[in-house]
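User: Please take a close look at one part of this predicted model. I want the central sheet and what packs against it, told as one connected account.

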Amino acid sequence: MELKGRVALITGGARGIGKAIAECFARRGADIVVADISYDSAAETAKELAAYGIKTSALKLDVSKADEVAAGFGEIMSQFGRLDILVNNAGITRDGLLLRMKEEDWDAVIGINLKGVFLCSKEAVKVMVKQKYGRIINIASVVAFMGNPGQANYSASKAGIVGLTKTTAKEYASRGITANAVAPGFIATAMTDALAENVRQEMLKSIPAGAFGTAGDVANAVAFFAAPESSYVTGQVIHVNGGMYM
Ligand code: NAP
């Protein structure tokens with residue numbers, strides 16, 4: 001599934017799962033825009049990806065800010081002239097039990113995780129409708145389907161992404177644009193590395209595969225949706241969770 005000649009934007013692409021997606025696309029030949037809230041880390045990742053012989057660019061983009069998103073898409077169009085793939089990956093957590101959750105923590109998570117997907121998808125669709133081609137892939141989470149104590153804001157944002165994905169899919173299917181989501185389970189990241197051993201063991205018990213997933217496992221599912229060959233697959237969610245939810 002080659003992506004040569006395609007231009008892909010990955011939000012939160014400087015590190016973690018976003019970086020793994022960017023690398024996976026770069027290996028398949030896509031030109032990559034790494035967008036992140038920190039320009040310096042986006043630029044570092046974009047520089048690394050250039051080793052694949054593709055065109056890369058770094059963008060300072062806070063996905064929760066409408067003016068920054070509009071300006072960022074303008075920049076992409078002037079540099080690349082098109083946008084084929086948008087991966088809405090940027091996401092944060094601000095955990096706490098519902099009773100104690102601060103309004104600002106609710107707003108921050110919904111603002112970045114859900115409103116950010118809305119803002120970026122809206123800009124992308126403007127471009128993709130004209131091209132009559134586009135792939136939008138949103139990163140949800142297993143907690144959108146299972147809930148998770150301490151993550152009222154996060155699970156609501158991720159469940160919202162699933163509804164938004166399906167609506168985007170229905171609105172633009174006739175224009176050559178697909179919208180799909182990937183819902184990761186527990187993925188080995190700096191966050192899971194830092195967990196106490198007993199907490200890690202408890203988490204592992206809930207995963208039939210007996211191991212955390214990798215960022216590469218998530219990237220491979222995203223790459224399936226991003227491919228030109230996946231044109232008849234839209235409004236779907238791929239669960240990447242080692243069987244912990246099915
Ligand atoms: P991560 O390592 O924290 O990376 C997220 C990236 O997004 C960081 O580079 C971060 O920048 C950036 N970012 C934060 N706020 C932003 C904003 N407002 N605008 C643009 N970029 C922003 O997270 P991850 O573990 O790779 O997760 C990536 C996605 O997968 C998220 O949507 C997450 O919810 C989802 N997910 C992760 C897991 C998991 O187990 N890791 C499981 C299910 C779903 P800074 O570092 O500078 O803040």
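Analyst: Helix H4 (residues 103-131) lies across four strands: S1 (7-11), S4, S5 and S6 (177-184). Its direction is at about 175 degrees to S4. Within H4, lysine 126 and glutamate 123 form a salt bridge, at 3.1 Å from N to O. The two are three residues apart in the helix, so about one helical turn separates them. Lysine 126 is partly exposed, at 45% relative accessible area. Glutamate 123 is buried, at 16%.

Now the sheet itself. It is open and has seven strands, ordered S3-S2-S1-S4-S5-S6-S7, with parallel pairing. S3 (56-60) and S7 (237-240) are the edge strands; each has a single partner, so one side of each lacks a neighbour in the sheet. From one strand to the next, the twist averages 15 degrees. Two of the strands under H4 are S4 and S5. S4 (residues 85-88) pairs with S5 (residues 134-139) over four bridges, in the parallel sense. Leucine 86 sits opposite isoleucine 136 of S5.

Next, the S3 edge. Helix H2 (residues 39-49) lies across S2 (31-36) and S3, at about 170 degrees to S3. Its buried residues are Ala42, Thr45, Ala46 and Leu49. These span an arc of only 100 degrees around the axis, so they fall on the same side of H2. Their cover includes helix H1 (16-27), S2 and S3. Asp40, Glu44 and Lys47 are exposed on the other side of H2.

Serine 57 shows the packing from the strand's side. This residue belongs to S3. It is buried, at 9% relative accessible area. Beyond its neighbours within four places in sequence, serine 57 contacts Ile32, Val33, Val34, Ala46, Gln79 and Phe80. Ala46 is one of the buried residues of H2.

Last, the charged pairs around S1 and S4. Side chains of opposite charge can pair when their charged atoms come close. The whole structure holds eight salt bridges. In one of them, arginine 6 meets aspartate 84, with the closest N and O atoms 3.6 Å apart. That pair joins distant parts of the chain, 78 residues apart: arginine 6 is in the segment before S1, and aspartate 84 is in the loop between helix H3 (66-80) and S4. Aspartate 84 also bridges to arginine 82, at 2.5 Å between the closest N and O atoms. Together, Arg6, Arg82 and Asp84 make a salt-bridge network. Aspartate 84 is buried, at 0% relative accessibility. Arginine 82 is partly exposed, at 29%.

Terms used. Residues numbered from 1 in each chain as written. Predicted model: local features only at pLDDT ≥ 70, side-chain atom pairs only at ≥ 80, totals over all residues. Heavy atoms only, no water. Pairing = 2+ DSSP bridges. Axes fitted to C-alpha atoms, helices over the stretch in contact; angles between N-to-C directions. Contact = heavy atoms within 4.5 Å. Buried < 20%, exposed > 50% of the residue type's maximum accessible area, 1.4 Å probe, protein only. Arc of directions from axis to C-beta. Salt bridge = Lys/Arg side-chain N within 4 Å of Asp/Glu carboxyl O.
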